[in-house]
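Here is a short report on one protein chain. Take a look at the sequence and the 3D view, then read on for the strands, the cores and the charged pairs.

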Amino acid sequence: MKRSGKTNPRLVNLIRMLKSASHENEANIWREIARRLDTSSSNYAEVNIGKINRYAQAGEIILVPGKVLGSGILDQSVKVAALHFSESAREKIVQAEGDCMTIEELVSAHPAGSRVRILR
């Protein structure tokens, strides 16, 4: 018998936590992120550093419901939350005096989800 649904315990707990945070804080952004993460992993966002540099402004909080990749240049300080980071992306964000965080950390720091930009 084939198993359906997510098997990664971190991802299952993250989706459950996002739905709960959406309900408790009346923040639809967390429900939308939970919906995106509940789909097939082939639909997850893969965002390059260059795209973050193009669309983000200094000091902004960026949320990527997927993986951040290291192609491109980042010349401004931004906080980036994502499911996964490549090593080169993590290095470039830190070099630009930015901050890498998990989605769980972002939800606990900004439960209302205000002033968070989603990139995909």
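## Strands side by side

Ala82 stands opposite Thr102 in S4. Ala82's strand, S3 (79-85), joins strand S4 (residues 99-102) through four bridges, and the two run parallel. Strands count as paired if DSSP finds at least two bridges between them. Strands (E, at least two residues) and helices (H or I, at least four) are DSSP runs, numbered from the N terminus. This is a predicted model: local features need pLDDT of at least 70, side-chain atom pairs count only at pLDDT 80 or more, and totals for chains, interfaces and linings use all residues. Residues are numbered from 1 along each chain as its sequence is written, and side-chain values use heavy atoms, with hydrogens and water left out.

Now take strand S2 (61-69). S2 pairs with strand S1 (residues 45-48) in the parallel sense over four bridges. Glu46 has Lys67 in S2 as its bridge partner. Six bridges join S2 to S3, again in parallel. Here Val68 has Phe85 in S3 as its bridge partner. S2 also runs parallel to S5, with three bridges between them. Leu63 is partnered by Ile118 in S5.

## Strand, helix, strand

Which elements make right-handed β-α-β units? One unit consists of S3, helix H4 (residues 87-95) and S4. Another is made of S1, H3 and S2. A crossover is right-handed if, with the strands pointing away from the viewer, the path from the first strand over the helix to the second runs clockwise.

Helix H3 is also the place of Asn53. The side chain of Asn53 reaches the backbone oxygen of Ile73 at 3.4 Å. That is a polar contact: a pair of N or O atoms within 3.5 Å, where, within protein, one must be able to donate a hydrogen and the other to accept it, and residues adjacent in sequence count only if both atoms are side-chain atoms. Leaving aside residues up to four places away in sequence, Asn53 touches Ile73, Leu74, Asp75 and Gln76. Touching, or contact, means heavy atoms within 4.5 Å.

## The nonpolar cores

In soluble globular proteins, nonpolar side chains tend to be buried together. The largest nonpolar core here has 21 residues. Leu18, Trp30, Leu37, Leu63, Ile103 and Leu106 touch the most other members. Helix H1 (9-25), helix H2 (28-37), S2, S3 and helix H5 (103-109) each supply at least two residues of this core. A nonpolar core is a set of buried Ala, Val, Leu, Ile, Met, Phe, Trp, Tyr and Cys residues joined through side-chain atoms within 4.5 Å. Buried means under 20% relative accessible area, exposed over 50%, and partly exposed in between (1.4 Å probe, protein chains only).

What does Ile103 touch, not counting residues up to four places away in sequence? Its contacts are Leu14, Leu18, Leu37, Leu63, Val64, Ala82 and Leu83. Apart from the largest core lies another, of 18 residues. Its members include Ile52, Leu74, Val80 and Ile93. S2 is mostly covered, with seven of its nine residues buried.

## Two residues of helix H1

Is Ser22 buried or exposed? Ser22 sits in helix H1 and is buried, at a relative accessible area of 1%. Its side chain reaches the backbone oxygen of Ala27 at 3.1 Å. Ser22 touches Ala27, Asn28, Trp30 and Arg31, not counting residues up to four places away in sequence.

Glu24 is in helix H1 too. Glu24 counts as exposed, at 60% relative accessibility. The C-alpha atoms of Glu24 and Glu97 are separated by 33 Å, and the two residues are 73 residues apart along the chain.

## Charged pairs

Side chains of opposite charge can pair when their charged atoms come close. The structure holds four salt bridges. A salt bridge is a side-chain nitrogen of Lys or Arg within 4 Å of a carboxyl oxygen of Asp or Glu. Glu32 and Arg35 form one, with the closest N and O atoms 2.5 Å apart. Glu32 also meets Arg36 in a salt bridge (2.9 Å, N to O). Glu32, Arg35 and Arg36 are thus linked in a network of salt bridges.

Another salt bridge joins Arg117 and Glu60 (3.1 Å, N to O). This pair links distant parts of the chain, 57 residues apart. Arg117 lies in strand S5 (residues 116-118), and Glu60 in the loop between helix H3 (49-55) and S2. Arg117 is partly exposed at 32%, whereas Glu60 is buried at 17%.
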